[in-house]
Structures are given as C-alpha cells and as structure tokens.
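Got your viewer open? Load the model and keep the selection tool handy. We'll hop from one spot to the next.

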Amino acid sequence: MVSKGLQLFAVGCGILLAAGVVDSQAAPVPGGNGHPIESKDEATQTTWYVDAELIHLLEKEASRGVSSYLQSRDVLRTVDVKVTIDMNKKTVLADFGRGFLPGAAEGYAETFLHELAVTLRVYAEKAGLPIVDVDFRFQGKPLKDYFPDDLAVPPQARMNPRNATALVSASHGLVRVFPSRSWEFQRPDAFGFREDMITPAYGDVLQSLLVERSGLSVYRARSRVQDLHEESERPWEQMSSRYHVKAVMPARTDIWNSLPNATTNDREVNEDIRTRPLYANHLGVGAMISLHTNGHPMATTRGLEVFYHGDKPNDRPLAESVLCGMREQIRSQPGYEDFPIRDRANAGRHGENRIATMPAVLVEIAYHSNPEDSAALQDPVFREASMKGVEKGYRLFREGKDCTPLVLRKIDRVTVPADGSAETDVHFDGNPQFPVTLSFTPVYCTEPGACRAEIKTVTEASASPIKARMTCEGSGYGMVNWSTVMRDADGVTSGPVEHWMTCQGGG
C-alpha cells in the first residue's frame, strides 16, 4: 500500500506553501487592548508577531503533525517545534527540534511538510495574518544544509527565448508499491475523480495552446495512448512518467531508476518525481510546466497556487506571469469571477522545480478536496480558461513582456464627415488575444434615437493603439458620447471608457 500521506493527502511536494487570498496590505492584528501584537527587532529590522496564544497553537499543531507522521513510519517520538512569524516577510517559520530529520529514504518528507504548511498557514490566516509563505528549519538549519548533494540546485541553463520547446508534466500516474509490488495511483479519489487521471486532460489543452499560440514543440512526461502497458496490464495513459520514460529510453536508468538503492515502499513515487525534470534536462527544453491539483484534510481550503523553487529566484518571473495569466483568464469566465487565486507566486521546495535546469514552475490548479474547487476542475470551461492562462503567462515571459490587466485607457475624440467615416485611436494596456471587439453604446446623442449601439471587430493583432473606423450616416450635424468596452477572443473584458464623436453637417 502507498504510504498514508500519499493515500490521504493529494498534495504537491513542496516545503514552502503559498498563502491564501489575503490583503497584502493588511494592518497588524490588534490584541485585546487594541494594540498590534508585534515586536520589532531594531538590530535586524524584523517585526515579529508575538501573540503567545497563536504561537502556541501553531507549535502544538506542528508537533502533533510530526508525531503522527513518525508514527505512520513505526516511530514513537515527540518532537518539539518552535514557531516564529516574520511580519516583514509574511512568513511562518517552524523549527523542528531533535528527532526529526527526514532524508532521501523518506523523500525528504516533502508531502507531509506540504500538508503541514497548509495547516499552519490556514490557522494563521484565520487569526487575520497576511501570511505568504511557510518555511521549515531543522534544529535551526534548512534541510538542504544536511543534504547538500541531494538538495542542491544544479547549474542552470540561461533563459533562451529562441528555445521553442517545453515539457508539460501532468501528475501523477501508476507506480508499483512495495513490498507487494502492486500497481497503485499516487493520489486518492476525490468527488468522483482522481488527480492522476484529470490532469492529463489539462495537459492536452495546454499542449495544443502552446503549439498554436506560442509556436512551441511540446513534449509530454506521460503517455496519452490507450494501448495496454504490458507489465501492469493497464492503459498506458494511466502510467506514471517513470514508466513512460522507461519505455522511451530503456537504457537511461539514471533518469527513470535514479534511486536504485532505495528500500521504502514508495520508492517509485520518489523516482517518478525525479524522472520528470531529469527527462526535461535530457531533452534540453526551454521550460518545464508541471500541472497538479491540490488537496488537504481541511475541506474549506481552496484556490489556485503557482510555485517556483526558493533557490531558483530567476524562475519567479515565470511563475508570476503564469499566475497573472491564469487570474485574468479564469476570472473572465461567468461563474468564476471570484475564484480564489493567490496574490502572488510562491517559493517552494518541489523536486520537479529544483532538479530542472531550465525555468520551471508547478501549478496547483485547485484543491480537489474542496467541493467547489472539485466542481471547477471537472468543468471544461474552467479547464480551457486555466490553461489559456498558463500558455499566455509563459508566452509573455518568453517574449519579455509584462503580464498586465486589460484596460481600455482612452479613445481619441474624432470628427467624421457627413455620410463618411474616419479612424480614431484606441489606447489600451494589456495583451489581448485577437480578434478583439469594441462594443459602442451611446450615452448621449444630439438627436435622441439616431445613435445606435454597435460592435466593431479588429482582427489584426497590434500593440496599442489600434484603429477603429467610425461612421456618420446622413448630412446633419450631431455629437455622440459613446461608452465603449473591449473584449478579446478569450472573453477577457476591459472596463468601459467614454469618448466623443462629432458628425460634421453637410452643406
């Protein structure tokens, strides 16, 4: 059987976790006397949150969690945990005492630490703290200090915008579990579906978009064919990346069998995690995009998160661009205007991002453990919109452009001859998908009833400003105050802007 953490919690493999959707400018939480519960260290200019009640709660939850984790591995031990909260960095830091130092055999406890990070973040948010990240120390030091060879970030290839290739990795797929050697999925059923089998469809959409809109050649970390995998007698599309790469490159055991001496029951889970970025490195792709769904025992936890590796800060712009693109696309769809999306991308310790030598991000699309997020994950509209956002975010990153909201800035005033037409400039911010439409609605008309709402389409992609041709019918003089909205081909809509047009009289 797969380890308890893998069966119960469908989470990613990061150590740092994004916070919920909170106001990044939120004021310090007041205490019972109305004063902030904070203490500033003048030497380091760090502001510490010092509410003893919340700190004690977080320490208790962290200690309980690690004791349960150890017990699941037949170890009875209590581990003390010290929690501090840095209000400047908006980070919860949990420092484990002696007795807990997960190594390679445990996969560095990445799944457990991810789940624990969610728990600590949620409790802190419920207290009103604008937490962004949760980080861990082990007797005062990060885990990588104990395992520098294993957890070091490999030398990175320089970002090359001419590298028109990418690897799309959709989690997770079948692996063997020891000692039974039975074939099991890596994530549990949730609301009628399983992460292992829903993310490949998201990968299909993303692959098509990257090919059509970004002009990329796209590789996949898992097979999408339905022929039977001989060893498991299961369809190939159900198999993990480990087995797909094994079939493609059987001699490259350093990629798909990279932990040959591991003896834990979930050894192939850890090899599967490593296979994906090692395969990307072998291919020499320009980017690696990992698609996951998230999960947590607290069913109220929900939302979209995008991670980059904490030791690869150069990947953060890609993560921010992907998050921005997804926010724009998802919230432009009816019914998803308020879908919870993090304010910013977050650092993590995911093995997929760490091992990759190219820009790499991991997208936790939504929480399959939450009923609302689960319904969204099974909605083709949400799937299409979310993957359009990923593609757009990557395309803008590759082109060196900022991801900015679609805003109609102004439309120049124009004078049009009688029974004629004239062009005017339409100024906007953002990166709309063409063709775009401009919907004109009359707010004021000199001759009531003579001005009609209309929609104009601009098909040729262009930077701001674009041209709109305005017309006047008849020979009389008149003025129109229009209210106009831009809408792009993906349904992203600007706010309205008002502008004037004058029709010159004839004669």
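Which residue forms a salt bridge with Arg302? Select Glu372: the closest N and O atoms of the pair are 3.7 Å apart. (A salt bridge here is a side-chain nitrogen of Lys or Arg within 4 Å of a carboxyl oxygen of Asp or Glu.) The two ends come from distant parts of the chain, with Arg302 in the loop between strand S14 (288-294) and S15, and Glu372 in helix H12 (residues 371-377), 70 residues apart. Arg302 counts as partly exposed, because its relative accessibility is 21%. (Buried means under 20% relative accessible area, exposed over 50%, and partly exposed in between, using a 1.4 Å probe and protein chains only.)

Some ground rules before moving on. This is a predicted model, where local features need pLDDT of at least 70 and side-chain atom pairs count only at pLDDT 80 or more, while totals for chains, interfaces and linings use all residues. Residues are numbered from 1 along each chain as its sequence is written, and side-chain values use heavy atoms, with hydrogens and water left out.

**Zoom out**

Show the whole C-alpha trace: along its principal axes it spans about 95 × 65 × 40 Å. Colour by secondary structure and you get 13 helices and 25 strands. (Helices are DSSP runs of H or I with at least four residues, strands are runs of E with at least two, and both are numbered from the N terminus.) Of the 507 residues in the chain, 55% are buried.

**The six-stranded sheet**

Next, pick out the open sheet with strand order S11-S6-S14-S17-S15-S16 and mixed pairing. (Two strands pair if DSSP finds at least two bridges between them.) S11 (217-220) and S16 (346-348) are the edge strands, each with a single partner, so one side of each has no neighbour in the sheet. On average, neighbouring strands here are turned by 30 degrees against each other, direction ignored.

Start at S11. S6 (residues 165-170) pairs with S11 in the parallel sense over four bridges, and Thr165 has Ser217 as its bridge partner. In a regular strand the side chains alternate between the two faces of the sheet. Check that on S11: Val218 and Arg220 point to one face and are buried, while Ser217 and Tyr219 point to the other and are not.

Now slide over to S15 (residues 305-309), which pairs with S17 (residues 360-367) in the antiparallel sense over three bridges. Select Phe307 and its bridge partner in S17, Leu362.

**Helix H10 and what it leans on**

Select H10, residues 316-331. Its 16 residues reach 22 Å from first C-alpha to last, close to the 22 Å expected at 1.5 Å a residue. (That expected span is 1.5 Å times one less than the number of residues.) Its buried residues include Leu318, Val322 and Met326. What do the buried residues of H10 pack against? They sit against S15, S17 and helix H13 (380-399).

Bring up H13 alongside. The two helices pack at an angle of about 140 degrees, with their axes 7 Å apart. (Axes are lines fitted to C-alpha atoms, for helices over the stretch in contact, and angles run from 0 to 180 degrees between N-to-C directions.) Among the contact residues are Ser321, Gly325 and Gln329 of H10, and Ala385, Gly389 and Phe397 of H13. (Contact means heavy atoms within 4.5 Å.)

**More charge pairs**

The structure holds 36 salt bridges, so to speak a stop list of its own. Try Arg224 and Asp204, whose closest N and O atoms are 2.7 Å apart. Arg224 lies in the loop between S11 and strand S12 (228-229) and Asp204 in helix H6 (residues 195-212), so the pair ties together parts that are 20 residues apart in sequence. Arg224 is partly exposed at 30% relative accessibility, and Asp204 is partly exposed at 27%.

Then select Asp311 and Arg349, which meet in a salt bridge at 3.0 Å, N to O. Asp311 is in the loop between S15 and H10 and Arg349 in the loop between S16 and helix H11 (351-355), so this pair joins parts 38 residues apart in sequence. Which of the two is buried and which is partly exposed? Arg349 is buried, with a relative accessible area of 18%, whereas Asp311 is partly exposed at 26%.

**Last stop: H2**

Select residues 52-72. Helix H2 has 21 residues and reaches 30 Å from its first C-alpha to its last, close to the 30 Å expected. Leu54, Leu58 and Val66 are among its buried residues. The cover over the buried residues of H2 includes strand S3 (81-86) and helix H3 (110-126). Finish just after the helix, at Asp74, which takes a positive phi of about 65 degrees.
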